[in-house]
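Hi,

Here is the structure I promised to pass on to you. Have a look at it first, and then read my notes below with the model open beside you.

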Amino acid sequence: MRHLASDSDVFVRTTYARGLVRLADAAITMLELSQATKTNRSELEASGIVEPDYDSMLNEIQAVVEEQATTLLVDPSSQVKRAFLSSVADLCLFFGRQKSNETVLSHIMTYLNDRDWLLRLAFFDGIVDVGAFIGIKAVEEYVLPLMLQALAGEYLPKA
C-alpha cells in the first residue's frame with residue numbers, strides 16, 4: 001500500500017490520509033490476534049518454523065506507518081494535509097508522545113505558514129487534540145508562540 005501515499009491522484013492520497021490510522025489500528029489488531037492464537041512456541045521451534053516476535057513486528061508496523069504519515073504530512077496538496085489533520089488525534093494515540101512530537105508536530109507546525117486558509121483552520125482544529133498527547137510543556141514552549149504569531153499575521157506568507 002506504500003504507493004498510495006505518492007499516487008498521482010489527489011483523491012487517492014486524501015482518502016489514504018483519512019484512513020491511515022484505521023489501517024494502522026487494523027494491523028495492530030491483527031498482530032495481537034495472531035499472538036493470541038499462536039501455537040505453543042516450543043512446537044513451532046521443533047517443526048523448524050521461525051516466527052518473528054511481537055516486538056519486532058510491532059516495530060515494523062510502527063515504522064511503516066511513520067514513513068507513510070511523514071509522506072502524507074509533507075504532501076504538496078493542502079487537501080491531503082487537511083485530510084490527515086482530520087484523524088490526527090487517533091494517529092497521535094497510535095504513535096504515543098515521543099513519536100507525536102517528532103513526526104506529527106514538527107510537520108504540522110509548518111501548516112501555519114501555508115497560503116491555504118482552510119489548512120490553517122484545520123490546523124487550529126487539530127492542534128487541540130495533538131496538545132493532549134505532546135504535553136503542556138511542548139504546547140507552552142513551542143506551539144503557543146507560533147500560534148500567536150500566526151494569529152497576529154506575523155507567521156503567514158506575504159502575498
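At the start of helix 4, a side-chain oxygen of S77 comes to within 3.2 Å of the backbone nitrogen of Q79. Please keep in mind that this is a predicted model.

Helix 4 itself is mostly covered, with six of its eight residues buried. Those buried residues are S78, V80, K81, A83, F84 and L85. What covers them? Helix 1, helix 3, helix 5 and helix 6 are among the elements that do so.

One of these residues, F84, leads us to the largest nonpolar core, which has 41 residues; F84, I108 and F123 have the most contacts inside it. At least two residues of this core come from each of helix 1 (10-36), helix 3 (54-73), helix 4 (78-85), helix 5 (88-108), helix 6 and helix 7 (136-152). Helix 5 gives the largest share, eight residues.

I108 is a good residue to click on next. Which residues does I108 touch, leaving aside its neighbours within four places in sequence? The partners are L73, L85, F123, I127 and V130, so you will meet L85 from helix 4 again here.

Now turn to the surface. W117 is found in helix 6, which covers residues 117-134. Is W117 buried or exposed? W117 counts as exposed because its relative accessibility is 54%, and exposed means over 50%. Together with L118 and L121, W117 makes a nonpolar surface patch of about 310 Å².

Enjoy exploring, and write back with any questions!

Best wishes

Technical notes
Residues numbered from 1 in each chain as written. Predicted model: local features only at pLDDT ≥ 70, side-chain atom pairs only at ≥ 80, totals over all residues. Heavy atoms only, no water. Patch = residues over 30% accessible without salt bridge, like charges linked within 9 Å, V, L, I, M, F, W, Y side chains within 5 Å. Areas by Shrake-Rupley, 256 points an atom, 1.4 Å probe, with all protein chains shown as cover. Salt bridge = Lys/Arg side-chain N within 4 Å of Asp/Glu carboxyl O. Helix = DSSP H or I, 4+ residues; strand = E, 2+ residues; numbered from the N terminus. Buried < 20%, exposed > 50% of the residue type's maximum accessible area, 1.4 Å probe, protein only. Core = buried A, V, L, I, M, F, W, Y, C linked by side-chain atoms within 4.5 Å. Contact = heavy atoms within 4.5 Å. Polar contact = N/O pair within 3.5 Å; in protein donor to acceptor, adjacent residues only side chain to side chain.
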